[in-house]
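Me: Please take a close look at a single part of this structure, one strand and what surrounds it. A connected account would suit me better than a list.

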Amino acid sequence: MRRLPFVLAIVIVLAACGSDSGGSRSPEPSDGGGTREPVLVIVDGEPGDDGLTVAQAIEHQPTDDIVAVTGALFANADGTVLLCDAIAESFPPQCGGARIRVEGLDLDTIDGLQVEGDVAWAEGVTLLGSVE
């Protein structure tokens, strides 16, 4: 019985060492393969057509080409904007299927943007940009 307090103290110390105190963590999740997350960087202009799906844009690979990409747009409270191939069945909806991060988009230019809690979304959005 005398060892019980000692064992409890060790368990508490080890649990504290394993906690996430916001120390040195990578700011971006890694997929373990060293590949970079694709990004659609928005450019000025009007998309001429529906263009590529999100999955096709990701396969497009980074180039100087300007492409139109269509999908469901999701904007989170942390400022992350994603264009997704599908909408997951939930409320508020969530990004489903293939996804590409979007940079440089003015959300005020998106028609039909709906907001619920910390997420905003719109279906059938076509954006013009370069895949990087």
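**Strand β3 and its surroundings**

Reply: In this predicted model, 58% of the contacts in the protein chain with a separation of 6 or more are between residues 24 or more positions apart. The protein chain holds two helices and seven strands, in the order α-β-β-α-β-β-β-β-β from the N terminus.

The part to look at is strand β3, residues 67–76. Eight of its 10 residues are buried, so β3 is largely enclosed by the rest of the structure. For the protein chain as a whole, buried residues make up 26% of the 132 residues.

Three pairings involve this strand. With strand β2 (residues 52–53), β3 runs parallel, and two bridges join them. In that pairing, L52 stands opposite V69 of β3. Between these two strands the chain passes through helix α2 (residues 54–60), and the resulting β-α-β crossover is right-handed.

The pairing with strand β7 (residues 119–131) is antiparallel and has nine bridges. Here A75 stands opposite A120 in β7.

Strand β4 (residues 81–88) also runs antiparallel to β3, with four bridges between them. L73 faces L83 of β4 across this pairing. The two strands form a hairpin with four residues between them, where G79 takes a positive phi near 95°.

Away from β3, the salt bridges offer another view of how parts of the chain are connected. The count is two, and E37, R101 and E103 are linked in a network. In one of the bridges, the side chains of E37 and R101 meet at 3.1 Å, N to O. E37 lies in the loop between α1 (3–17) and β1 (39–42), while R101 belongs to strand β5 (residues 94–103), so this pair ties together parts that are 64 residues apart in sequence. R101 also forms a salt bridge with E103, the closest N and O atoms being 2.5 Å apart.

As for exposure, R101 counts as buried at 19% relative accessibility, because the cut-off for buried is under 20%. Its two partners are partly exposed: E37 has a relative accessible area of 35%, and E103 has 34% relative accessibility.

Over the whole protein chain, the accessible surface comes to about 9,000 Å², and carbon and sulfur atoms account for 52% of that surface.

Key:
Residues are numbered from 1 along each chain as its sequence is written. This is a predicted model: local features need pLDDT of at least 70, side-chain atom pairs count only at pLDDT 80 or more; totals for chains, interfaces and linings use all residues. Side-chain values use heavy atoms; hydrogens and water are left out. Buried means under 20% relative accessible area, exposed over 50%, partly exposed in between (1.4 Å probe, protein chains only). Contact means heavy atoms within 4.5 Å. Accessible areas come from the Shrake-Rupley method with a 1.4 Å probe; for residues, only the protein chains shown count as cover. A salt bridge is a side-chain nitrogen of Lys or Arg within 4 Å of a carboxyl oxygen of Asp or Glu. Two strands pair if DSSP finds at least two bridges between them. A crossover is right-handed if, with the strands pointing away from the viewer, the path from the first strand over the helix to the second runs clockwise.
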